[in-house]
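Q: Got a minute to go through this one with me? I'd like to start with the contacts.

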Amino acid sequence: MFALVDGNNFYASCERIFQPRLRGVPLVVLSNNDGCAIARTAEAKALGIKMGQPAHELKQLVKHQGLQMRSANFALYGDISARVVTILRDEAPRVEVYSIDESFLDMTGIRDREAFAHRLRTKVHRWTGIPNCIGIGPTKTLAKAANKAAKSGAGVVDLTEPDRRAQVLATFPTTDLWGVGGKWGMRLANMGITTAAQLRDAPPDTILREFGVVLARTQRELQGHACIELEDVAPDKQQIMVSRSFAERVKDHQAVAQALATFAVRACEKLRKAGLVAGGVWIFVHSDVFRAELPQHHVNRSISLPVATADSRAVLSIVTRLLHGALKQGVGYKKAGVALLDLGRPEKRQADLFASASAANSKLMEALDGINRKFGRGVAGLGATGWKERPEWGMRQNMLSPNYTTRSSDLPLINC
DNA sequence: TCTGGGGTCCTAGGACCC
DNA sequence: TCTGGGGTCCTAGGACCC
C-alpha cells in the first residue's frame, strides 16, 4: 500500500511562504534565464497560462491581470523540500523521495489511512507552508492517480476500495496517468482508449505488443497488481549532467571554454558528494536552435577514461581536450553542457597499474570541497573557469527572490 | 529582445563470440 | 514448408518522468 505526497504548484508555493503578498494572486516561476513558465499557481492556470509558455508571451498578463513572475530559485526550493521530507520521515516507516516535490510513503500497517493522510497533510502545510495533496492506492500508479484526483479539492483520496477506484478510473484521462505521455496518449486514443479504465481493461497482449513492457506494467498496476516497488534507498546515479543556456549568444571561444570548465567543476563536486567516480565524459555546445536563420553548429563529443576519476583537474583537462578545435568562428553559441558518464563506486573500479598513487589528489579535492562548503560555493576553485563575477555566458535571473532559508545576509530581519 | 535542466528505462540493430 | 543456434556488449534513439 502506497501514498504519494505532492506539494501543490511547488515552486510557486515556496515563493509564497516568505512573500505573503504573492498569496491569492496569479504567480508563475520561470525557468533558468527567465525563459518560460515552469510552475503556476491556480490563479495563473486560470489565466490560461500553459506549462512551458515563453515568458515574453506573458507580458500583457503582467500589465493587465496583475500576474507576478519570479526567477527560479532552486536553492530555496531544495531547502524547503528537505524540510518536507524530514516531516514525512518522522511519520512514515519508509519514504522514497521521488522528486523535489513528491514522495512515496509505505502505508503498510497504517490502519486508518485516510485519517493518517489528513493529519499528515495538515502537518506539512502548517510546519512548512507548503499546501499539498495525498493520494493512496495499492500500487504506485494508483497512488499517483489518487493524488491527481485529490488535487481537485478533496486533498486526500484513497483508491484502495474497488468501487471508489472504478468510479475514479472511469473518467480519468490516460494522459494524466503516470507513465503515459503525449505520444502514447495519442496512439492509445487512436485505438479508442482514452480513460484509465479502458486501458486497465484492454487486451494485455495488445498493449504489450504495441507499447512494450513499460505500458504493460502500467496496465498491471491499474489492475491493482503492484509491479513497482518502493525505493527508499536511492540507487547510485548513472550519470551527472550540468548544462545551461546562455543569456546571450556567445561567439568568444574562450568564454565558451570557461562555461564548460565551470560546468565540469560543478559536475565533479556533485560526483564527489555522491561518493562516485566517472568513467567517461561528454560535452556538447549548441548554437541558437530557435534562430534557424543564424549559422548553426552542434558540438557533441565524448570519451571513455582509462582510469575512473572524481578529480576536477583530470576532468577539466579532458574537457579542454574534447573542446579543442571544436568551435567555429562566427557562430553564436547558446547552450552548453558537461556530463559525467559510466559512474561507479571507486572501490569497485579497476586500479591503474601504471598510475602514480592518487591518494594525494583526493585529499586536495576534499580540501577544496571543504573550503567551498564552509565559505560558499566558488570561494576556491580552478582558474580555467574564468572566475568572473558576471561572465558573458551567465544566466539571466532578473526576478530572483532572496535565499530566505540558506543565506543569512538575504534575511531583511538580520540586517539591523 | 524572446523557448529549462535535469534524469531513467527500453528497444532495435550491429558487431562480435563460440 | 522450415534459413544453425545460441549468447554478450555497445550504441542510438525514443519514450517517459519531474
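A: Sure, one definition up front: a polar contact is a pair of N or O atoms within 3.5 Å; within protein, one must be able to donate a hydrogen and the other to accept it, and residues adjacent in sequence count only if both atoms are side-chain atoms. Also, this is a predicted model, where local features need pLDDT of at least 70, side-chain atom pairs count only at pLDDT 80 or more, and totals for chains, interfaces and linings use all residues. Residues are numbered from 1 along each chain as its sequence is written, chains are lettered from A and ligands numbered from 1 in the order in which they are written, and side-chain values use heavy atoms, with hydrogens and water left out.

Q: OK, how far is the polar backbone atom of Met241 from a phosphate oxygen of DNA strand B?
A: 2.6 Å. Arg291 also reaches a phosphate oxygen of that strand, with a side-chain N or O atom at 3.2 Å.

Q: And which part of DNA strand B does His56 go for?
A: A base oxygen: a polar side-chain atom of His56 sits 3.2 Å from it.

Q: How many residues surround DNA strand B?
A: 24, and the closest are Ser31, Gln238, Met241, Ser243 and Ser245. Being near means that one of a residue's heavy atoms lies within 4 Å of the molecule or strand. Of the atoms of DNA strand B that come within 4 Å of the protein, sugar and phosphate account for 78%.

Q: Which element gives the largest share of that surface?
A: β9, with 7 residues. α11 (213-222), β9 and β12 each supply at least two. Helices (H or I, at least four residues) and strands (E, at least two) are DSSP runs, numbered from the N terminus.

Q: What's the split into nonpolar, polar and charged there?
A: 6 nonpolar, 8 polar and 10 charged. Ala, Val, Leu, Ile, Met, Phe, Trp, Tyr, Cys and Pro count as nonpolar, Asp, Glu, Lys and Arg as charged, and the others, Gly among them, as polar.

Q: Back to β9. What order do the strands take in its sheet?
A: β9-β12-β10-β11, 4 strands in an open sheet with antiparallel pairing. β9 (240-250) and β11 (298-309) are at the edges with a single partner strand each, so one side of each has no neighbour in the sheet. From one strand to the next, the twist averages 10°. Two strands pair if DSSP finds at least two bridges between them.

Q: How many bridges join β9 and β12?
A: 7, in the antiparallel sense, with β12 covering residues 333-341. Ile240 stands opposite Leu340 in β12.

Q: Which strands does helix α12 touch?
A: β9, β10 (278-287), β11 and β12; α12 (residues 253-273) packs on the sheet, and its direction makes about 155° with that of β9. Contact here is heavy atoms within 4.5 Å. Axes are lines fitted to C-alpha atoms, for helices over the stretch in contact, and angles run from 0 to 180 degrees between N-to-C directions. Helix α13 (residues 312-323) lies across β10, β11 and β12, at about 145° to β11.

Q: Switching to DNA strand C: which residues are closest?
A: Asp101, Lys144, Gly179, Gly181 and Trp184, out of 13 that surround DNA strand C. Sugar and phosphate make up 100% of the DNA strand C atoms that come within 4 Å of the protein.

Q: Where do the backbone atoms of Gly179 come in?
A: A backbone N or O atom of Gly179 lies 3.1 Å from a phosphate oxygen of DNA strand C. For Val180, a backbone N or O atom is 3.3 Å from a phosphate oxygen, and a side-chain N or O atom of Lys183 is 3.3 Å from one.

Q: Which element gives the most to that surface?
A: α8, with 3 residues.
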